[in-house]
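Student: Let us go through this model by question and answer. Please show it first.

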There are 4 protein chains.
Amino acid sequence: MAETARKREGKGREGRRQRRIVRRRREILAAAARVFAGKGFAKATTREIADEADVAEGTLYNYFGGKREMLLAMAEEMETPFETAMIAVSGQDDRTAAIALFEAAFAFSETQIPFVRALLSEAWVDDELLEQFFTARWARVEERIRAYIARRIAAGAFRPFDPALGARAVVGMYLGLMLPVIRGIASLPSPEECRALAETITDLLLDGVRVRVES
Amino acid sequence: MAETARKREGKGREGRRQRRIVRRRREILAAAARVFAGKGFAKATTREIADEADVAEGTLYNYFGGKREMLLAMAEEMETPFETAMIAVSGQDDRTAAIALFEAAFAFSETQIPFVRALLSEAWVDDELLEQFFTARWARVEERIRAYIARRIAAGAFRPFDPALGARAVVGMYLGLMLPVIRGIASLPSPEECRALAETITDLLLDGVRVRVES
Amino acid sequence: MAETARKREGKGREGRRQRRIVRRRREILAAAARVFAGKGFAKATTREIADEADVAEGTLYNYFGGKREMLLAMAEEMETPFETAMIAVSGQDDRTAAIALFEAAFAFSETQIPFVRALLSEAWVDDELLEQFFTARWARVEERIRAYIARRIAAGAFRPFDPALGARAVVGMYLGLMLPVIRGIASLPSPEECRALAETITDLLLDGVRVRVES
Amino acid sequence: MAETARKREGKGREGRRQRRIVRRRREILAAAARVFAGKGFAKATTREIADEADVAEGTLYNYFGGKREMLLAMAEEMETPFETAMIAVSGQDDRTAAIALFEAAFAFSETQIPFVRALLSEAWVDDELLEQFFTARWARVEERIRAYIARRIAAGAFRPFDPALGARAVVGMYLGLMLPVIRGIASLPSPEECRALAETITDLLLDGVRVRVES
DNA sequence: AATGAATGAGATTTCATTCAT
DNA sequence: CATGAATGAAATCTCATTCAT
């Protein structure tokens, strides 16, 4: 049942304090993400982050151990909608499932983008972050796609080809469309556009570009 | 004839000097690329670059105006094999042409990778560099693919779909395979692997994953 | 009333902070002036300035944008006692007025000297500084002297000669006496010496060195 | 007797070599003076001096031990026309002698100015240079003027006043007129102007500005 | 004797982090 | 807990001088 925030977080004053701390932490993290996204982690200064979050520099250190730790916190707190979507679509036919997944994957919120952009930026250069943010997360998605393809090939529904390669190609198609958005040189697609993109790309994947030659 | 080199590069001593300068410049640039690739542009220090190039720090400034200028020099001097390959394949059938192009695109040399990795790293964050290195180069490739697709659709050879989207999907597939290589978490494919990758991916693109349903 | 300081400078803690900042800024500027005076602007290092001011190097940059800005701050904050003195003496006879002016001009404080020495040093070489510090300030003094001489010639009190030249000669006499002091090879005159200097120099100016030939 | 340069400097080839070296040394020194005059000793770079002298940087070190030594060479080689002029005028009446001296002192050549400007600039800040260039030279001039004034006072020709102060005032008048020229904000006076300046200033000195009151 | 590339000491400046208030 | 001035390590860059050619 819908317990009050009071009950959830504690008793009265203490609960309010806790909630304020959590909220402030999130604000700082979002500010940091925006700054990192704009200039990259290394070029971002704590001064800028503090200004963006509208707190003093020293305050940052009450919530995070340092600049680096903010980045790691982002990596940890990033949500992965794919995972849940993936489970939701099991049992549906290829096309319906693929479209639903792509649609979910395209659906970024405006505020999430800075986080992803910041993390991608550093993961490109920092092995520890790549491991935490990517290999551990993204690779799981790819693995599931691979397994799915393998199953469909075994079932005779898909032509025989390397499923790992296929999975990577699928992920690649997605990247090709989303990277420009995350980089900030293409605009975030509206829900309708997400749907359309998902459909087109699914059809490309399933049937290719070529007109079927009648036998 | 002993005159050849002389004539090509200049007059004896002066020519030798010129060649030494060009060679040294290239060595420094390669060293810088390796360092940038490893830690990203911003975290790389001139000290490290100098060490990697085995010269004194001051020497760097005899060849480049500064760190940033090295990056720009990389962007300018990057070769783009795609372009030439693209012209070479005109007039062949879809499959042969696509395979040849992908093969050319996969064929990076070991020494080129640090350059690309370094440039990608900064282009993710630096708009000027993105413009110079990417939008101006890469976008041209995409545009040509788009035009090709549009022509094939008009000719009735391809199913009707948004050619821009298709082009981006093609580029995306390529990215999905090459980014891990450039990032350094997958190994550079051998020439044979390049060929195999090119074939598989081409077939996926042309005919999709699905087994054709007999009519 | 205890409220006075509060009201003047601000509200308690904030006022104290402001005053501390202003004080610190002045300390640093004085330290910089001493170092500049000793070795010239270009040879002075931020390290030395920091040591002289007994702060860390980084602290300098919390108060000034850099070495050059310190110099400009000096130029701006320099007081010009001449101006005020000039106005004060209007209406008095030639001799009284001239003596008062010279006396005011000779009255440098020990702490002002490094500022003037530092500024002169750079103004000798830097056109922008010369403009800001000198042409704009000093030239006004000369101009007023010129106008005065011109008036007195018109009134028949002074012999006819080029007033501009005369003004420059007056300024020159002053320079001849003060430059060694500012340079640090002559000692600052005591108030009594200032008075004596002013009288002697005034008499030289008004009547020359020659004994009057009785007619 | 007008010996040929050949005989003076040596025999044939060797003499030519010697003369070339001397000439080159002078060229470099003049170039250095121009650069020092423009930006001050400390901000001037050996690169600029080499460019100005149209030789390679390394060549400078074949003629001078280093940057500093160029400055000292300037101080040594500076001519002092005052000295000779001073002797030439002995025995003439006050006015004629003073005019001749001032005229000689105003007569700078265009090429001498950079030397003086460069030396003044550093002497303002460098005690060793001040000693060599000034105290040792200039002070002698002042001393002679002082002695002259003392003699004339003793002879009853000049009013009684501190002769040292008078000497300094005379030098000061000269400075007031020449400093702007050396600094480069006033133009070098033509020979006619020199004469006029000398006369006006001499009359000011001897008789002052005031019209004589008839007794 | 002339050259100019290489050198590296040293200068300026930035900025993450600390800590007294 | 918030603040922001102080810190000093570290980074970039300059330039007088050397030395092999």
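The turns below cover symmetry, one helix and some salt bridges.

Tutor: This is a predicted model: local features need pLDDT of at least 70, side-chain atom pairs count only at pLDDT 80 or more, and totals for chains, interfaces and linings use all residues. Residues are numbered from 1 along each chain as its sequence is written, chains are lettered from A and ligands numbered from 1 in the order in which they are written, and side-chain values use heavy atoms, without hydrogens and water.

Student: What rotation superposes chain B on chain A?

Tutor: The fit is by least squares on the C-alpha atoms of residues with pLDDT of at least 70 in both copies. It gives an RMSD of 0.1 Å, with 0.0 Å of shift along the axis, for a rotation of 180°. The two copies are thus related as by a two-fold rotation axis.

Student: Which residue of chain B comes closest to the rotation axis?

Tutor: Just after H12(B), one residue takes a positive phi of about 75°: Gly208(B). Its C-alpha lies 1.9 Å from the axis, and no residue of chain B comes closer than Gly208(B).

Student: What do the buried residues of H12(B) pack against?

Tutor: Helices are DSSP runs (H or I, at least four residues), numbered from the N terminus. Buried means under 20% relative accessible area, exposed over 50%, partly exposed in between (1.4 Å probe, protein chains only). Buried residues of H12(B) include Cys194(B), Leu197(B) and Ile201(B). Their partners are H7 (94-106) and H11 (163-183) of chain B, with H11 (163-183) and H12 (191-207) of chain A.

Student: Which residue of chain B meets Glu122(A) in a salt bridge?

Tutor: A salt bridge is a side-chain nitrogen of Lys or Arg within 4 Å of a carboxyl oxygen of Asp or Glu. The N to O distance here is 3.0 Å, and the partner of Glu122(A) is Lys43(B). Glu122(A) lies in H8 of chain A and the partner in the loop between H2 and H3 of chain B, so the pair joins two chains. Glu122(A) is buried at 6%, while the partly exposed partner, at 37%, is Lys43(B).

Student: Is Arg183(B), which meets Asp127(A) in a salt bridge, buried or exposed?

Tutor: The N to O distance is 2.8 Å. This pair crosses from H9 of chain A to H11 of chain B. Asp127(A) is exposed at 54%. Arg183(B) has a relative accessible area of 4%, so it is buried.

Student: How many salt bridges are there over all chains?

Tutor: One of them, at 3.4 Å, joins Glu128(C) and Arg68(C). In chain A, Arg68(A), Asp126(A) and Glu128(A) form a network. The count over all chains is 63.

Notes: Contact means heavy atoms within 4.5 Å.
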